Protein chains: 4
Amino acid sequence: MPNSFGKLFQITTWGESHGPAIGVVVDGCPPRLPLSAEDIQGELDRRRPGQSDIVTPRKEADRVEILSGVFEGRTTGTPISMLVRNADQRPGAYDEMRDKFRPSHADFTYQTKFGVRDHRGGGRSSARETVGRVAAGAIAKKILALGRATGAAPGGLEIRAFLTEVHDLAVPAGALSAFPTLAEVEATAVRCPHLATAEKMIERIKAVRSAGDSVGGVIECRVRGVPAGLGEPVFDRLEADLAKAMLSLPATKGFELGSGFAGARMRGSEHNDVFESRDGRVRTATNRSGGTQGGISNGEEIVFRVAFKPTATILQRQPTVDVGGAATELIGRGRHDPCVVPRAVPIVEAMAALVLLDHWLRHAAQNQTFAF
Amino acid sequence: MPNSFGKLFQITTWGESHGPAIGVVVDGCPPRLPLSAEDIQGELDRRRPGQSDIVTPRKEADRVEILSGVFEGRTTGTPISMLVRNADQRPGAYDEMRDKFRPSHADFTYQTKFGVRDHRGGGRSSARETVGRVAAGAIAKKILALGRATGAAPGGLEIRAFLTEVHDLAVPAGALSAFPTLAEVEATAVRCPHLATAEKMIERIKAVRSAGDSVGGVIECRVRGVPAGLGEPVFDRLEADLAKAMLSLPATKGFELGSGFAGARMRGSEHNDVFESRDGRVRTATNRSGGTQGGISNGEEIVFRVAFKPTATILQRQPTVDVGGAATELIGRGRHDPCVVPRAVPIVEAMAALVLLDHWLRHAAQNQTFAF
Amino acid sequence: MPNSFGKLFQITTWGESHGPAIGVVVDGCPPRLPLSAEDIQGELDRRRPGQSDIVTPRKEADRVEILSGVFEGRTTGTPISMLVRNADQRPGAYDEMRDKFRPSHADFTYQTKFGVRDHRGGGRSSARETVGRVAAGAIAKKILALGRATGAAPGGLEIRAFLTEVHDLAVPAGALSAFPTLAEVEATAVRCPHLATAEKMIERIKAVRSAGDSVGGVIECRVRGVPAGLGEPVFDRLEADLAKAMLSLPATKGFELGSGFAGARMRGSEHNDVFESRDGRVRTATNRSGGTQGGISNGEEIVFRVAFKPTATILQRQPTVDVGGAATELIGRGRHDPCVVPRAVPIVEAMAALVLLDHWLRHAAQNQTFAF
Amino acid sequence: MPNSFGKLFQITTWGESHGPAIGVVVDGCPPRLPLSAEDIQGELDRRRPGQSDIVTPRKEADRVEILSGVFEGRTTGTPISMLVRNADQRPGAYDEMRDKFRPSHADFTYQTKFGVRDHRGGGRSSARETVGRVAAGAIAKKILALGRATGAAPGGLEIRAFLTEVHDLAVPAGALSAFPTLAEVEATAVRCPHLATAEKMIERIKAVRSAGDSVGGVIECRVRGVPAGLGEPVFDRLEADLAKAMLSLPATKGFELGSGFAGARMRGSEHNDVFESRDGRVRTATNRSGGTQGGISNGEEIVFRVAFKPTATILQRQPTVDVGGAATELIGRGRHDPCVVPRAVPIVEAMAALVLLDHWLRHAAQNQTFAF
């Protein structure tokens, strides 16, 4: 269904930007996992507005309540319902949007599809919907990080997303360590672990905000500790589900795995990842594949990148039409991120965690339940 | 399930490269559609090996048999089972692959995941699996092209994919008409509608083949005639399902919609598609969005691009390991495409058709069944 | 997923008996439907404890809050999240259940499956879970009752469930009018529209309660106004989905459609429903089929019956074992229904509505979206 | 989708009674299972027409071909496509059905739903569709019987269905051993393990056939060796999915688990299954629950019954209407079973196996993949 994601670890999100609350139901969670609201809150705080001076100054405490599925500090295997109350609503700020379609927003398409829309702050199309994804993803991340797969060697998964580009600023090729630490990522408000670039990005975002404009950027995500074997032949390839997960995020325009679009410009002899025995197991000498072959993880790092367009809301006068089709114009108001990409980092990680955990459960069901 | 795709128009493919046959079951097809094997065969012929001198010389007639779901020339609403016999198998050619993992192929990951694999020609991981997709997609394309949506204005959808890049050769910016004709695409074996570039691409592919090497490329796909309203909020955004569809294809490394990765390098004021009244309806002045906003089609052309890596099989000596983990080497043999991208054009179109038809049925169910 | 039901009109319920709240998310609801909490509350009041002197005296106001998906009194096509706070919890009353398995309850199976359970009032296995089903079903019932199918003749569906048996008391054969009115059903606390039998049932329930015992019963459900064509060939037959819906309810032990088990004791010549032209359309002279043929509605009344076992909680001393497997005993305490069947009437109606609406949407998608 | 069943072990059936072939695709099968056509053929032979003198004399060899998913005698984890060619078709025998609706058949409902139908032998609505279910079920049965669950004690599941009623003849209460052997079931053509009753049933079926009439009956199915823990809370209760599976079979009118409808006539103090320690584990002293509590298996035998109506095709003159709605009449011709119930025994077993295996995989995924 449109508001559910995952086959075995399945989440269903609900809620509008300016309704009373926003939330998520997580079904299929393994039982006995130690879980508290604090486990969730940490990730929500990373996506929250108002956390730094380069994001929207909206004040949303975003305190999560767990309403079901956890008993005496452990998950019970039944649905986990989580809810975050919406606060700091200024619905009056959105009156103009009742009748006018904001350029490159979903106002027109929702109105056309459903014949009705909650215009306040974008309603269901608001990026506020990702609160539920991050809350659910926090559970998936915790499960994956604990390294408690039955019968497997200990050691958990680590998922790390970070910015590599903002507008035309990019981390220089080769400048990053293979797997940035969380501290390196969180060191700056822009979540780019290359400090020199991060500083320029922050400056650029501030400059753009002063001009009432906005910019886009690119997030790279790396995952290490993934066992070989996750993902499915044919339609549910690991990268296909990652691509869907990422393109389901607001403002995304592209996804690439491993060598990506640059790989299309290479020869096979340059691109192939040859196998070798290393560390007592089969490894590839390079990782242009980005961690999967034939749709299935090969035990190398999963590496993908996601392109985000510039924020559609800008504080400039733009022509548009109203719901009757008449020409009019609109000036963006309200408190918006001049660049959504830094706050999208925990969201990308959450979606990656959801995909990987779901595929892990699917893999175990088919391949580890019966022994022939 | 891993081998099924779509929610209402659902296909399930089956078959290995060197098994007796390969096929697909299509469930949920609208009834009374005129349909014959010829409708399917035309599309299969476009993806077939041996169709030109730049693709693999394997001989596969790929004649489709319809085994169910069609009665007296019309679909009955019950599952349509289609089968293509595998021919021209030279299983002996694959003996070496029984024990060695081909670099950047799925041999290692299938073996690790399942503990067993049909090594002949890649088995299930072979691009031969896409026969079923193209057969099913031919039905979807026909339905979409007919323009027979209940209560809608007449006029069907047109889906056109074509090559814009091979290796480092690209169609010059702005050189293409907005919507190339089928004849323009099919004019050359490389399926690039820009003739000067097409000629260079063909030369490049031949040169690479002579060197026992391979190259990748990029396909662009455009769809016109899409009504506004297809796609869903949140997870099943139209572009999310298109991204999944494309990344589920063998050898794909990236997907981008509209402005794509380049859009991440723009300002909001440059990127926004402002609305205007044109042709008696709401249109956007530009189409950097690529045909969707908030995950829902806005009535403009859908435009996306897919990156394909170079063919992994090359006729060169490569180091690798065997199933026991011991170092060895391998020389590609067999008959392979030095560049799979031209033959992928009908496959991309098929997947696009499957996504669009499925979303159309979903949209109608929710929004057009009851009138409030 | 285990806690979701429906393919297009999909509901996901969550919550434990003694957690902070219980609720449901409805996804896929048609947009623009006028909807308020009052539409939901009426049905919740019919299932609520404490509504008469033959049901549990627990006090649960069961006030529903709509948290999303409704804007200015109309559904928006996005998920409708509904929540009911749990009140009148006396968790101390359940301390004994922490360590002992109640006979014919789900304590043992939940403990074995998940290795953990919320023992308070049965946790997730409590019939309190059906609050979410009734809330969601109220929306489905409203849509079906309005008779606003696009392009169809006006006239809505009417769904009527009622008791025909309690313990060994049954409505005499032929004593009921074909389609009891809601007033007839609601006339007595036991919801049996045959007054003489209803009075005996009430007496029996009171007698059984005095003895600290419980009884089961049978509900019949009839639906009129169903168009021919709902349901699917093969697995998703209308009666298959109704059977699943009903057997998913707590305490149910059987389902039969039309002639049911008695039909197995008839000859074909007695059982067949011959066709005739009546009222300007094709009708059957009899309705032993119960409203479907080949899994698809034929336009006649849908008639099915559901068997409910006696309430497992009885106020008598029963032997059992504790979580360590040691023999012990248990005396039921708490406030329980000596017969759950009267309160199950609105729940059966809700599940029937969910199945019928979902199949209507599926039917329209495949058969009414394109015209060939 | 309408023609698919199961969440993880998923089957998709296709084919019409008088099309070229009928088949099934099995997706999600565990890899490395030894499997050959003979494993499938044995079960198909049990449902085949012409196997005794009380079933239809149609000659269908029903030889299965495995087209994919098996390599060198073992499953590969990819889809298993199986096909059975239709033979002994006498399409001319069905000309009359092109225009007339057979009473209590699916002719009218298919025509109304789809606006088109393959009238030959009932097309998709024919019980011939169950060939695919039996073929898929044979794989599920083999997996369950082998007792190779990872980490579990050895010992497989045994599934045994048999007739307890034909028309008004029933096995006397208490006359059957708890778990009839396969030899006892297969000893007579009617598949009732109580010989004295079986003989009367056979006589009755022959008498009814001579009269050009038909009869129904009841099948009981027992499953032993089921581990505690299979099934899900709420919607996907084990009995809910069994009920759906059984009501999805042609000619079924009812389902009951354990005490069933008779349980509705009992008191709680009579009905409850008290727990005790026996054989070193928690057992119930009685089994009125029928093997599940709260929708989850409790380790006792699963016991359910399915009611089948009399065959709709009778060799007598019956009034009906034609496709234009005009009154006409029809005399059944062709070769039909006067009682379908004996041949339904392997089909009931197949569906039970599919449900149980699917739930086993689901259970393992959620509860055995990670250890907390």
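**Entry 1: chains C and D**

I started with the contact between chains D and C: 89 residues of chain D touch 89 residues of chain C. I split the chain D side by class and got 35 nonpolar, 35 polar and 19 charged residues. I note here that this is a predicted model.

Next I looked up how the two copies are related. I found that a rotation of 180°, with 0.0 Å of shift along its axis, superposes chain D on chain C, and the RMSD is 0.0 Å. I therefore wrote down the relation of a two-fold axis. I also checked which residues recur: 100% of the interface residues of chain D are interface residues in chain C as well, so the copies meet through the same surface.

Then I turned to the strands. I saw β11 (residues 252–257) of chain C pair with β11 (residues 252–257) of chain D. The sense is antiparallel, and I recorded three bridges. Which residue of β11(D) is the bridge partner of C:F255? I found D:F255.

**Entry 2: chains A and B**

I ran the superposition for chains A and B too. A turn of 180° and a shift of 0.0 Å along the axis lay chain A on chain B, with an RMSD of 0.0 Å. I found that 100% of the contact residues of chain A recur in chain B, so the same surface serves both copies.

I looked up the contact list next. In it, 89 residues of chain A are in contact with 89 residues of chain B. I classed the chain A side as 35 nonpolar, 35 polar and 19 charged residues.

I went to β11 here as well. Strand β11 (residues 252–257) of chain A runs antiparallel to strand β11 (residues 252–257) of chain B, and three bridges join them. I noted that A:F255 has B:F255 as its bridge partner in β11(B).

**Entry 3: the α6 pair**

I wanted the helix geometry between chains A and B. At what angle do α6(A) and α6(B) pack? I read about 160° for the two helices, each spanning residues 238–247, and their axes are 8 Å apart. Angles over 145 degrees count as roughly antiparallel, so I put α6(A) down as roughly antiparallel to α6(B). I logged their crossing as right-handed.

I listed the residues that meet. From α6(A) I have A:E239, A:A240, A:D241, A:A243, A:K244 and A:L247. From α6(B) I have B:E239, B:A240, B:D241, B:A243, B:K244 and B:L247. By class I counted six nonpolar, six charged and no polar residues in this contact.

**Entry 4: a sheet in chain A**

I closed with a sheet inside chain A. I found an open sheet of five strands, in the order β1-β2-β3-β7-β4, with antiparallel pairing. Which strands lie at the edge? I found β1 (4–5) and β4 (64–66) of chain A, each of which pairs on one side only.

I looked closer at one pair. Strand β2 (residues 10–15) and strand β3 (residues 21–27) of chain A run antiparallel, and six bridges join them. I noted A:V26 in β3(A) as the bridge partner of A:I11. I then checked what packs on the sheet and found helix α3 (residues 130–146) of chain A. This helix touches β2, β3, β4 and β7 (80–85) of chain A. I read about 35° between the direction of α3 and that of β3(A).

Definitions and conventions. Residues are numbered from 1 along each chain as its sequence is written. Chains are lettered from A and ligands numbered from 1 in the order in which they are written. This is a predicted model: local features need pLDDT of at least 70, side-chain atom pairs count only at pLDDT 80 or more; totals for chains, interfaces and linings use all residues. Axes are lines fitted to C-alpha atoms, for helices over the stretch in contact, and angles run from 0 to 180 degrees between N-to-C directions. Helices (H or I, at least four residues) and strands (E, at least two) are DSSP runs, numbered from the N terminus. Angles under 35 degrees count as roughly parallel, over 145 as roughly antiparallel, 65 to 115 as roughly perpendicular and the rest as oblique. A crossing is left-handed if the near helix is turned anticlockwise from the far one by less than a right angle, and right-handed if clockwise. Two residues are in contact if their C-beta atoms, placed from the backbone, lie within 7 Å. Ala, Val, Leu, Ile, Met, Phe, Trp, Tyr, Cys and Pro count as nonpolar, Asp, Glu, Lys and Arg as charged, and the others, Gly among them, as polar. Copies are superposed by least squares on the C-alpha atoms of residues with pLDDT of at least 70 in both. Two strands pair if DSSP finds at least two bridges between them.
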